[in-house]
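Here's a small set of exercises to work through with the structure open beside you. Try each task before reading its solution.

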Amino acid sequence: MNMYSQDVDSIADQYVTSLPISVLLIDDEFLIGEAMRIKLSSETDIIFNYCKEPDKALETAIGVQPTVIMLDLVMPGVNGLTMVKFFKSSEDFRDVPLIVLSAREEPELKKKAIALGANDYMIKLPDKTDLIARIRCHSERYIYKQQRDELIMKIRAMSGQNDDGLSSPYLD
């Protein structure tokens, strides 16, 4: 590791909040929730959260602050695509990666979910290796973005800049 990387790492350690990988699964089928919990149980750095009732999804998401949301498309009383649109239009969760889960491989449904803002589409029940890889990929990208934004705000505050002031092109 070169000296520049060490400096950046030490600055990041000092000024950036460390976020754990936190998964929120929203699915009305308890057995799916339990199967996903079991698949992720060996991953000690992944926190698994489960919401069985779609009408409590927002409340649960606010409480657990997920780094990735996994969402079933077919649930009683709510259309999963509507929930995708809701989360992606929410100020608090628009940047949180959303993985849609479906029992069916339907290209049109997949296309619609992605068009509404879903970041990924998986068939239930996904292979453990694929599931973990996708959760890590989406979560780590989200965490790095959150940390980058936090560091930029702190650097601007330290240099006396605000969001309306002139900024360095390196901070954008």
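**Getting started**

The protein has 6 helices and 7 strands, where helices (H or I, at least four residues) and strands (E, at least two) are DSSP runs numbered from the N terminus. You're looking at a predicted model, so local features need pLDDT of at least 70 and side-chain atom pairs count only at pLDDT 80 or more, while totals for chains, interfaces and linings use all residues. Residues are numbered from 1 along each chain as its sequence is written, and side-chain values use heavy atoms, with hydrogens and water left out.

**Exercise 1. Trace the chain and its contacts.**

Step one: walk along the sequence and you'll meet the pattern α-β-α-β-α-β-β-β-α-β-α-β-α. Step two: look at contacts (heavy atoms within 4.5 Å). Among those between residues at least 6 apart in sequence, 65% join residues at least 24 apart.

**Exercise 2. Find the largest nonpolar core and say what supplies it.**

Start with burial: buried means under 20% relative accessible area, exposed over 50%, and partly exposed in between (1.4 Å probe, protein chains only). Of the 172 residues, 40% count as buried.

Now the core, meaning a set of buried Ala, Val, Leu, Ile, Met, Phe, Trp, Tyr and Cys residues joined through side-chain atoms within 4.5 Å. The largest one has 22 residues, and I26, I69, L71, M83, F87, L98 and V100 have the most contacts inside it. At least two residues each come from β1 (21–26), α3, β3 (68–72), α4 (80–89), β6 (98–102) and α5 (107–115). The largest share, 4 residues, is from α4.

Zoom in on I69: leaving out residues up to four places away in sequence, I69 touches L24, I26, F87, F93, V96, P97, L98 and I99. There's also a second, separate core of 16 residues, including I46, L131, I132 and I143.

**Exercise 3. Locate L58 and work out how exposed it is.**

First, place L58 in helix α3 (residues 57–64). Then check its cover: L58 has 32% relative accessibility, so it counts as partly exposed.

**Exercise 4. Compare C51 with C137, then count the disulfides.**

C51 is buried, because its relative accessible area is 4%. C137 is partly exposed, because its relative accessibility is 48%. A disulfide is a pair of cysteine sulfur atoms within 2.5 Å, and by this rule the count comes to 0.
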